[in-house]
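I opened this model to see how its chain packs. I kept short notes as I went.

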Amino acid sequence: MTTNKQKIHDEKLWYRKCYLILEFHMEQIKEHPKKRPNKWRLEDTAEELEYSLGFISESIKLAKGIPKYHL
């Protein structure tokens with residue numbers, strides 16, 4: 001069975017990858033307490049997925065913005 005992390009790395013279409021990253025990040029936020037030091041952050045997603053913080057940040061922004069401009 002393919003894990004969420006593997007699906008993200010295997011995805012070739014940029015917009016689907018963005019959505020998968022957003023979904024992964026939101027799932028992790030729900031699973032972790034909201035109080036420091038255990039609060040889930042973008043940095044944690046970047047580290048877990050082995051992508052740069054900038055890539056994760058921009059991917060999440062794109063995933064949130066796509067529905068606004070999708071025709």
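The entries below run from the overall fold to single residues.

**Entry 1: the overall fold.** I noted at the outset that this is a predicted model. I counted secondary structure next. The protein chain has four helices and zero strands. Read along the sequence, I get the pattern α-α-α-α. I then took the extent of the C-alpha trace, which spans about 40 × 30 × 20 Å along its principal axes. I also looked up burial: of the 71 residues, 30% count as buried. Last, I checked the contacts with a separation of 6 or more. Residues 24 or more positions apart account for 46% of them.

**Entry 2: the core.** Which residues make up the largest nonpolar core? I found 10 of them: I8, C18, I21, L22, F24, A46, L49, I56, I60 and A63. I traced these back to the helices. Helix 2 (14–31), helix 3 (42–49) and helix 4 (53–69) each supply at least two core residues. Helix 2 gives the largest share, four residues.

**Entry 3: two core members, F24 and L22.** I listed what F24 touches, leaving out residues up to four places away in sequence. The list is N4, K5, I8, T45, E48 and L49. Of these, I8 and L49 are also in the core.

I did the same for L22, which lies in helix 2. Is L22 buried or exposed? L22 has a relative accessible area of 15%, and the cut-off for buried is under 20%, so L22 counts as buried. Beyond four places in sequence, L22 touches I60, A63 and K64. I also took one backbone distance here. The C-alpha atoms of L22 and S59 are separated by 7.5 Å, although the two residues are 37 residues apart along the chain.

**Entry 4: helix 3 and its end.** I asked which residues of helix 3 are buried. They are D44, T45, A46 and L49. A46 and L49 belong to the core as well. Just after helix 3 I came to E50, whose phi is positive, near 65 degrees.

**Entry 5: E11.** I found E11 in the loop between helix 1 (4–10) and helix 2. What caught my eye is that E11 is buried yet has no salt bridge. How far away is the nearest side chain of opposite charge? It is R16, at 4.2 Å. A salt bridge needs the nitrogen within 4 Å of the carboxyl oxygen, so this pair does not count. I then looked for a backbone partner. The side chain of E11 reaches the backbone nitrogen of L13 at 3.1 Å. Outside its neighbours within four places in sequence, E11 is in contact with R16, K17 and L20.

**Entry 6: aromatic pairs.** I searched the whole structure and got two aromatic pairs. W14 and Y15 form an edge-to-face pair, 5.8 Å centre to centre with 90 degrees between the planes. Y51 and F55 form a tilted pair, 4.8 Å centre to centre with 40 degrees between the planes.

I then checked how open these rings are. W14 counts as exposed because its relative accessibility is 52%, and the cut-off for exposed is over 50%. Y15, at 34%, counts as partly exposed. F55 is also partly exposed, at 32%.

Terms used
Residues are numbered from 1 along each chain as its sequence is written. This is a predicted model: local features need pLDDT of at least 70, side-chain atom pairs count only at pLDDT 80 or more; totals for chains, interfaces and linings use all residues. Side-chain values use heavy atoms; hydrogens and water are left out. A nonpolar core is a set of buried Ala, Val, Leu, Ile, Met, Phe, Trp, Tyr and Cys residues joined through side-chain atoms within 4.5 Å. Buried means under 20% relative accessible area, exposed over 50%, partly exposed in between (1.4 Å probe, protein chains only). Contact means heavy atoms within 4.5 Å. Lys and Arg count as positive and Asp and Glu as negative; His and the chain ends are not counted. A polar contact is a pair of N or O atoms within 3.5 Å; within protein, one must be able to donate a hydrogen and the other to accept it, and residues adjacent in sequence count only if both atoms are side-chain atoms. Rings of Phe, Tyr and Trp (its six-membered ring) pair if their centres lie within 6.5 Å; planes under 30 degrees apart count as stacked, over 60 as edge-to-face and the rest as tilted.
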